[in-house]
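Here is a friendly walk through one structure, written for someone who likes to check geometry by eye. Keep the viewer open while you read.

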Amino acid sequence: MSPSARAYRSSRPPSRYFVTGLPMNEADALDIVQYAVWTVLTASAPVVLVAMAVGIGIALIQALTQIQEITLTFVPKIVAIMLVVALTGPFIGSQISAFTNVIFERIEHGF
């Protein structure tokens with residue numbers, strides 16, 4: 001055995017540290033991707049919906065008053081988004097935490 005192969009073999013942890021569950025298949029990967037996309041949608045939905053509602057409201061006011069100032073929409077949207085993030089922060093965090101826990105449990109116990 002060459003010295004580099006011996007060094008590689010001695011640097012690897014023993015096999016008892018590796019998960020001995022079943023290997024991951026296509027259905028498991030698809031399930032994880034589906035859950036990840038659903039987590040992103042549910043975590044970002046409150047912010048996106050409020051930004052959309054504020055944008056439509058400001059656009060309606062601009063159309064009614066004929067004030068065509070482009071920068072007028074930015075400040076109300078930023079304030080609304082900051083308020084929504086502050087109010088729904090625990091919900092967003094719990095969604096991401098639940099996803100992370102599911103992934104770590106699957107890694108720990110096998111697929």
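Two residues are in contact when heavy atoms of theirs lie within 4.5 Å. With that in hand, the central packing statement for this predicted model is short: the buried residues of helix 2 pack against helix 3. Seen from the other side, the cover over the buried residues of helix 3 includes helix 2.

**The overall layout**

The protein has 3 helices and 0 strands, and from the N terminus its elements run α-α-α. Of its 111 residues, 18% count as buried. The accessible surface comes to about 8700 Å², and carbon and sulfur atoms account for 71% of that. If you look at contacts between residues at least 6 apart in sequence, 76% of them join residues at least 24 apart.

**Helix 2**

Helix 2 covers residues 26-65. Does its length fit its residue count, and what would you expect the span to be at 1.5 Å a residue? The 40 residues should span 58 Å, and the end C-alpha atoms are 56 Å apart, which agrees. The helix has a kink all the same: about 50 degrees at A45, shortly before the proline P46.

The buried residues of helix 2 are D28, I32, T39, T42, A43, P46, V47, A51, V54, G55, I58 and Q62. The proline that follows the kink, P46, is thus one of the buried residues.

Two members of that list deserve a visit. T39, in helix 2, has a relative accessibility of 6% and so counts as buried. Which residues does T39 touch, once its neighbours within four places in sequence are left aside? The partners are Q95, I96 and F99. Further along helix 2 sits I58, which is buried because its relative accessible area of 15% is under the 20% limit. Again leaving aside neighbours within four places in sequence, I58 is in contact with T73 and P76. I58 and K77 are 19 residues apart in sequence, while their C-alpha atoms are 9.0 Å apart in space.

**The loop and helix 3**

Between helix 2 and helix 3 there is a loop, and Q66 is found in it. Most residues other than glycine have a negative phi. Q66 is not a glycine, yet its phi is positive, about 60 degrees. Is Q66 buried or exposed? Its relative accessible area is 68%, so Q66 is exposed.

Helix 3 takes in residues 74-109 and bends by about 65 degrees at T88, with a proline, P90, following within four residues. The buried residues of this helix are A80, V84, T88, I92, F99 and I103. T88, where the bend lies, is therefore itself on the buried list, being under 20% relative accessible area. After helix 3 comes G110, which has a positive phi near 85 degrees.

**Two pairs of side chains**

Side chains of opposite charge can pair when their charged atoms come close. How many salt bridges does a search of the whole structure find? It finds 1. The side chains of D31 and R106 form a salt bridge, with 2.4 Å from N to O. D31 lies in helix 2 and R106 in helix 3, so this pair ties together parts that are 75 residues apart in sequence.

The structure also holds 1 aromatic pair. It is formed by Y35 and F99, with centres 5.4 Å apart and 50 degrees between the planes, an arrangement that counts as tilted. Because Y35 lies in helix 2 and F99 in helix 3, the pair ties together parts that are 64 residues apart in sequence. F99 also appears among the contacts of T39, and F99 is one of the buried residues of helix 3.

How accessible are the partly exposed members of these pairs? The table gives their values.

| Residue | Relative accessibility | Class |
|---|---|---|
| D31 | 32% | partly exposed |
| R106 | 24% | partly exposed |
| Y35 | 29% | partly exposed |

To bring the picture together, helix 2 and helix 3 are linked by the salt bridge of D31 and R106 and by the aromatic pair of Y35 and F99, and the buried residues of helix 2 pack against helix 3.

Definitions and conventions. Residues are numbered from 1 along each chain as its sequence is written. This is a predicted model: local features need pLDDT of at least 70, side-chain atom pairs count only at pLDDT 80 or more; totals for chains, interfaces and linings use all residues. Side-chain values use heavy atoms; hydrogens and water are left out. Helices (H or I, at least four residues) and strands (E, at least two) are DSSP runs, numbered from the N terminus. Buried means under 20% relative accessible area, exposed over 50%, partly exposed in between (1.4 Å probe, protein chains only). The bend at a residue is the angle between axes fitted to the seven residues ending there and the seven starting there. A salt bridge is a side-chain nitrogen of Lys or Arg within 4 Å of a carboxyl oxygen of Asp or Glu. Rings of Phe, Tyr and Trp (its six-membered ring) pair if their centres lie within 6.5 Å; planes under 30 degrees apart count as stacked, over 60 as edge-to-face and the rest as tilted. Accessible areas come from the Shrake-Rupley method with a 1.4 Å probe; for residues, only the protein chains shown count as cover. The expected span of a helix is 1.5 Å times one less than its number of residues.
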